[in-house]
Every structure is written in C-alpha cells, then in structure tokens.
Amino acid sequence: MNIATIGTSWITDSFIKSSAYVGDVNISAVFSRDGERAAAFARKHGVEKHYSDLSEMLSDKETDGVYIASPNALHFEQAEMCLECGKHVICEKPMTVNSEQLEALYSIAERRGLILLEAMKSMHSQGLNIIRENLSDLGEVHTASFDFSQLSSKYPMLKRGELPNIFNPSLCAGALMDIGVYAVYLAVELFGKPKNIISHSDFLGTGADYAGTLIFLYDNLTVTITYSKIANGFSGGRILGENGAVSVKSVSKLVGINRLYNDGSIKELYPEIDENIIMSGEIKAFRDFAAGLNSEYYDCCKQMAFTVCELMEKIRQDNNFAF
C-alpha cells in the first residue's frame with residue numbers, strides 16, 4: 001500500500017517511522033504547502049516524491065491512501081479532496097470539528113468504496129486489550145480517573161507573544177482537541193458513551209483552552225478526566241475496583257500498565273515500549289481495512305469516531321468555545 005503524507009510536524013515523523021514496522025506499506029510521497037519544506041522532509045525520510053500542490057499529489061495513480069496531519073481546521077477540506085480523488089484516508093484526531101463534517105466524509109467514503117479512519121492509536125493497541133481483559137478481575141468498578149497533562153514545547157513561544165498553531169482557536173486547536181481527546185476516547189472505549197457530562201475549560205488570552213476537567217457519569221460509575229497543555233501530569237490513569245485497581249502510566253500510549261492488589265502487591269501487565277511500535281497498530285489496521293479485511297472492526301472504529309465527535313462537540317458548546 002502506497003501512502004502519501006500531509007504535514008511535516010513531529011507526528012508525521014512518527015507516522016513514517018512507525019510504517020517501517022508494517023509490511024506492505026510504503027511512504028510514497030510527502031506534501032507541504034511550502035515547497036522547500038516538502039523537499040527537505042522528503043530528503044529526511046528518503047521519500048522519492050514531494051509536492052506543494054495537493055491536487056498534483058492526488059493525481060498520482062500509484063498513491064493508494066493519504067495520511068493527514070495538518071492543523072485541525074484543514075482536516076475536513078483535505079480529507080474531502082483526498083476521498084473525491086479516490087484515495088483512502090487516515091486522518092489525525094480529531095478528524096473533523098463537528099458531526100456534520102464527519103457524516104459528509106463517511107458518505108463520500110462509502111459512495112467511493114474507500115476507507116476513512118481516525119488515527120487514534122489506542123484503538124489498535126495491545127494495551128487497550130490488556131486493560132479490558134483485567135477489568136472483570138477488579139470486581140465492581142465505580143471510579144476511574146484519566147489524566148493527560150503535557151507541557152507543550154510551544155508554550156514558551158506563546159509566552160513570548162507568538163501564536164503557535166496549537167494555541168490558535170482559528171485552527172480549531174487547544175488542549176481538548178489536542179490531548180483531552182485521548183482520555184475521552186479511552187473512557188468511551190472502556191465504558192461506552194456516558195449518560196451525562198459535567199465539564200469545565202480554562203482559556204488563554206488567545207481564546208484557546210489550555211486545560212480542562214470532565215466528569216463522565218454512568219450508572220454506578222464516575223470517570224474523571226483532566227488534561228493540560230501548560231503543565232506536566234504524572235498520574236496517568238487508574239481504574240478502581242473492589243478487588244484493587246489497574247493503573248496506566250500513559251493515557252495516550254496505553255503503556256506502563258500494572259495490576260494493583262489490595263494487599264499492596266503489584267503485577268506488571270504491560271511495560272513501556274517504543275511509541276513507533278504502538279503507532280504501527282493504526283497503520284496496520286488502515287492497511288487491512290483498505291484490503292477489505294476486518295469489516296466489523298472498521299465499523300466499530302467508525303462508530304467510535306462519531307460517538308467521540310458528538311461528546312467533544314457537547315463539551316465545547318457547554319464551555320463556549322470559539323469553534
């Protein structure tokens with residue numbers, strides 16, 4: 001499968017490195033609106049073709065699919081263009097800003113017989129399976145907490161008066177969209193759609209949110225989610241049951257998973273592993289879906305994308321986001 005990429009940030013670097021762990025996948029081209037940047041990125045990764053004209057890249061019949069890692073506000077337009085040109089699409093989360101856009105893209109994909117996948121690595125990780133397998137051993141579970149707080153490398157730029165993309169609401173960016181979504185996905189993956197949400201967001205002078213707290217309410221279960229772009233968090237996630245707990249060091253990678261027992265003993269369930277190996281899971285799933293395999297799994301991913309998009313919309317509406 002020949003995959004072209006859109007975007008030249010660190011996440012595209014990771015995607016290209018991760019693809020080396022997946023058989024029958026080749027990064028065939030890279031795109032950036034800046035021609036010199038596209039050429040430099042192609043040289044860096046040993047990719048033969050580079051483009052600054054998206055239409056030209058999509059006219060290449062050898063390209064089977066496209067990975068989109070541009071700013072959030074560009075996802076819909078670029079994904080629509082890729083699909084209409086007959087390319088499968090794997091797009092970084094959040095794939096669209098709202099449900100209407102998501103429905104429109106899936107309609108095009110279905111009409112053209114193509115795959116559209118939101119790039120959420122936890123959906124395809126061994127860590128997720130391990131957590132699920134150990135939930136029943138906990139007995140009754142009434143409480144879980146997930147934190148993803150990570151000091152942004154772009155925060156110093158913001159403090160100098162600059163406006164990096166990740167803190168620019170006109171690009172539909174901010175803490176919820178960038179990192180809070182990982183914890184939202186994990187809660188839905190493990191416990192389903194909550195019956196109600198209580199939420200609070202904190203905003204910068206730019207209008208972008210920098211942190212937030214979410215409380216997902218289920219029958220006899222409360223999940224608390226915290227996230228921040230201006231501070232590091234060290235708590236990860238914990239699912240508490242009558243027979244102990246399951247802890248996870250990284251909510252986004254789902255590694256460093258331990259079983260904690262009431263007598264104080266600890267059993268390692270899943271260690272920390274190379275992030276590129278983790279990310280390779282979503283690429284393998286994309287390859288297989290494009291080959292017509294695992295259709296039920298694909299339908300599950302599609303439904304998850306809609307559920308999470310709906311929840312993210314509600315959180316933004318309740319907190320008066322600019323988008």
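The following questions and answers set values computed from a predicted model against the definitions behind them. Local features need pLDDT of at least 70 and side-chain atom pairs count only at pLDDT 80 or more, while totals for chains, interfaces and linings use all residues. Residues are numbered from 1 along each chain as its sequence is written, and side-chain values use heavy atoms, with hydrogens and water left out.

Q: Why is Asp 13 called buried?
A: Buried means under 20% relative accessible area, exposed means over 50%, and partly exposed lies in between (1.4 Å probe, protein chains only). Asp 13 has 11% relative accessibility, so Asp 13 counts as buried.

Q: What makes the contact of Asp 13 with Lys 44 a salt bridge?
A: A salt bridge is a side-chain nitrogen of Lys or Arg within 4 Å of a carboxyl oxygen of Asp or Glu. The N to O distance for Asp 13 and Lys 44 is 3.1 Å, and therefore the pair satisfies this definition. The partners lie 31 residues apart, Asp 13 in helix H1 (residues 10-19) and Lys 44 in helix H2 (residues 35-45). Such helices are DSSP runs of H or I with at least four residues, and strands are runs of E with at least two, numbered from the N terminus.

Q: Why is Lys 44 called exposed?
A: Lys 44 has a relative accessible area of 56%, so Lys 44 is exposed by the over 50% limit.

Q: How do you know that Glu 275 and Lys 121 form a salt bridge?
A: Their side chains meet at 2.6 Å, N to O, and therefore they fall within the limit for a salt bridge. The pair links helix H9 to the loop between E6 and helix H6 (126-135), 154 residues apart.

Q: What are the burial classes of Glu 275 and Lys 121?
A: Glu 275 is partly exposed because its relative accessible area is 26%. Lys 121 counts as buried because its relative accessibility is 6%.

Q: Why does Glu 282 have no salt bridge with Lys 121?
A: Lys and Arg count as positive and Asp and Glu as negative, whereas His and the chain ends are not counted. Lys 121 is the nearest side chain of opposite charge to buried Glu 282, at 7.1 Å, so the pair does not meet the salt-bridge definition. Glu 282 is in helix H9 (residues 275-290).

Q: What makes E3 an edge strand?
A: Strand E3 (49-51) pairs on one side only. Two strands pair if DSSP finds at least two bridges between them. Strand E2 (residues 26-31) and E3 have 3 bridges in the parallel sense, and therefore they count as paired.
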